[in-house]
Amino acid sequence: MMDAGRHPRIRLLANSEVTDVKGYIGNFTVTIRRKACYVDETECTACSECAKVCPVAVPDEYQQGFSSRKAIYIPFPQSVPSSYIIDMESCLGNNPIACGKCLEACDKDCIDFDAKDEFMEVEVGTVIAATGMDVFDPSGLDEYGYGKYENVITSMEFERLICAGGPTEGHFIRPSDRKLPMRIGFVQCVGSRSERGGVPYCGNICCMNTIKDTLLLADHYPDVESTVFYMDIRAFGKGFEELYRRSKEEGVRYIRGLPGEILEDPKTRNLRVRVENTTAGRLEEHELDMVVLSVGVIPRHDSPAIRQLLTLSKTADGFLMESHPKLKPVDAPTRGVFFAGCAEYPKDVKDSVTQASASAARAEILLNQGKVTIEAITSRIDAEKCIFCGRCAKVCPYNAITQPDRKKKLLPMVVEAACAGCGTCAAECPTDAIAMRHFTDEQILAQIDAYLAEKPEEQIVIFACNWCSYPGSDLAGTSRIQYPTHGRVIRTMCSGRVDEKFVLRAFELGAPLVLVSGCHFSDCHYISAVQWTQARIEKLWDKLEKLGIRPERLQLEWISAAQGQRWAETMKALEDLRGKVTREEIQETRKILTDLRAKKGAGKTKAKAKAKTKAKAKAKTGTSE
């Protein structure tokens, strides 16, 4: 960080937050709120005279509350910039001044109690999201006694206690009596891999963090006994298995089983840990001086705000979702935005540095090009058909369409650099004023017509999204999974492209069933487009029911690219349902929809004739005048 702070082409804005991001790839406008530090960072020499006279003491967040700090303080050692800031929630010297001792002690006159937050805008070409992660709070897990027993601590608190720069200057102690604990237990997967009171995924770094801690104890305190309670040790990285082996050679005991209860002896403050040793097949009780909970990691608490600012997606675990897990692992779905570190998923230092380097390289390539190459699948707006409803701008996941203004006669415009071609705008447009390049209405309708030209009652029309369900069908085929072959697949970039008229056209031509398939809500490559698919299909179900057509004949399924088996099962279920649709029902549906189309056509003809008569009358009146 110090090297970055000294670099002439890097500008660090500490104690700041991004409040707004506008624009698109290569042309982002970022609004930054620089919070008031109440100390001039350019003048402050970090002499600490202000902190010496400050009468306020509060728990130090950096030291996990094991020590205190003053109201005026440096956030952490070697912070950049190396200057003090004032915590106004704790300070006594603000509105009105009740203390002011730091102001009197500062020879450089760096302190300004009247400082205000500042807002600034910067123009950038790319954005890298490196927001990090938070750690799980084990307070809700009563069986471990965290917060109740002083000698039950988390792995983060352990790190501060054993660190040379920690509150005890590297002299490891247990909190209750400040003595060296001779028997220490480590409990793995606290808050991880648990549906009850935790998260279902693995924290990735927890196992190796514990192994590292046991080796630290073995090196510095050879007489300390360490016991690790675990479900599975996941030492998958380079050199990790060797560290695991070294830990066991140092005498660390590994017991396969998580404690069911931790109790404290009120006299000695020692902890009794009850656990089922699944390897030995027996219940055991261990008396320990200290227990360290290896807590899992969770997404940042402000992740929803970040996703909204940058128009991003999230995976089921809450972390940010990449554009493609294999082909674009550091790219966000929003072009020009990249990921680094634990914003995407839990990583250790090596993987974080690797991804940071990759993100920097991707951003550098983009900035050096000067121009952006886009795929020819973007949308186009027909000015003659547009009615200024603004629905296209509302549903666009990337904010790639500007809001229209009827009064100023400003049509919505498509920013092609931001458009990803999902087609949701075209499907939602009430007047068919939007056309998608290479996925036009005419092209999709032509495919439907071709599929149903012969024996339509035997065909199932399937709309499959390009990123999930379509590859899922490919996976089923390459995996040689057997399933019925009556499905006729029409590929769209997104399920959001499936218009109501596509479904009605298929039913009108005699299709017994129609399937719309796309990504799971948490995996949508077009952020929120799948939500509009869901809403559109639900409305269509209601419409079919009112017309007297069974809504069950229109199916909606979410199938990911890795779910080839699910695709096959869906095809089998559709085949069973197809057998229940009779020829009479198909003919009745065709008649209903043919009559409906004829009625709509007559209505449009009548409306055009009325408008034409009105125009002639208006022209005649103008001539007579």
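A salt bridge is a side-chain nitrogen of Lys or Arg within 4 Å of a carboxyl oxygen of Asp or Glu. In this predicted model, Asp-213 and Lys-212 meet that condition, with their closest N and O atoms 3.8 Å apart.

**Salt bridges**

Across the whole structure, 43 salt bridges are found. Side chains of opposite charge can pair when their charged atoms come close. Three of these pairs are set out below.

| Acidic residue | Basic residue | N to O distance |
|---|---|---|
| Asp-213 | Lys-212 | 3.8 Å |
| Asp-302 | Arg-300 | 3.1 Å |
| Glu-585 | Arg-553 | 3.9 Å |

The partners in the pair of Asp-213 and Lys-212 differ in their surroundings. Asp-213 has a relative accessible area of 1% and is therefore buried, since the limit for that class is under 20%. Lys-212, by contrast, is partly exposed, at 35%. In the second pair, Asp-302 is partly exposed with 25% relative accessibility, and Arg-300 is likewise partly exposed with 26%.

Glu-585 and Arg-553 form a salt bridge with an N to O distance of 3.9 Å. Glu-585 belongs to helix 16 (residues 583-624), whereas Arg-553 sits in the loop between helix 14 (529-547) and strand 25 (554-558); the pair therefore ties together parts that are 32 residues apart in sequence. Arg-553 is buried, its relative accessible area being 1%.

Salt bridges also link Asp-432, Asp-441, Arg-497, Asp-499 and Lys-501 in a network.

**Aromatic pairs**

The structure contains 11 aromatic pairs. One of them joins Tyr-230 and Tyr-254 in an edge-to-face arrangement, with 6.2 Å from centre to centre and 70° between the planes. This pair links distant parts of the chain, as Tyr-230 is in strand 12 (residues 225-230) and Tyr-254 in strand 13 (residues 253-256), 24 residues apart. Both tyrosines are buried: Tyr-230 has a relative accessible area of 12%, and Tyr-254 has 16%.

Phe-463 and Phe-502 form a stacked pair, with ring centres 6.2 Å apart and planes at 25°. Because Phe-463 lies in strand 22 (residues 460-465) and Phe-502 in helix 13 (residues 500-508), the pair ties together parts that are 39 residues apart in sequence. Phe-463 is buried at 0% relative accessibility, and Phe-502 is also buried at 0%.

In addition, Phe-158, Phe-172, Phe-186 and Tyr-221 make up one aromatic cluster.

**The surroundings of Thr-168**

Thr-168 is placed in the loop between helix 4 (155-162) and strand 11 (183-190). With 16% relative accessibility, Thr-168 counts as buried. A polar atom of the Thr-168 side chain lies 2.9 Å from the backbone oxygen of His-171. Apart from neighbours within four places in sequence, Thr-168 is in contact with Leu-161 and Ile-173.

**A sheet of 3 strands**

Strands 14, 15 and 16 form an open sheet in the order 14-15-16, with antiparallel pairing. Strand 14 (259-264) and strand 16 (282-288) are at the edges and have a single partner strand each, so one side of each is left without a neighbour in the sheet. On average, and with direction ignored, neighbouring strands of this sheet are turned by 20° against each other. Strand 14 is joined to strand 15 (residues 271-277) by 5 bridges, and the two run antiparallel. Leu-263 has Arg-272 in strand 15 as its bridge partner.

Key: Residues are numbered from 1 along each chain as its sequence is written. This is a predicted model: local features need pLDDT of at least 70, side-chain atom pairs count only at pLDDT 80 or more; totals for chains, interfaces and linings use all residues. Side-chain values use heavy atoms; hydrogens and water are left out. Helices (H or I, at least four residues) and strands (E, at least two) are DSSP runs, numbered from the N terminus. Buried means under 20% relative accessible area, exposed over 50%, partly exposed in between (1.4 Å probe, protein chains only). A polar contact is a pair of N or O atoms within 3.5 Å; within protein, one must be able to donate a hydrogen and the other to accept it, and residues adjacent in sequence count only if both atoms are side-chain atoms. Contact means heavy atoms within 4.5 Å. Two strands pair if DSSP finds at least two bridges between them. Axes are lines fitted to C-alpha atoms, for helices over the stretch in contact, and angles run from 0 to 180 degrees between N-to-C directions. Rings of Phe, Tyr and Trp (its six-membered ring) pair if their centres lie within 6.5 Å; planes under 30 degrees apart count as stacked, over 60 as edge-to-face and the rest as tilted.
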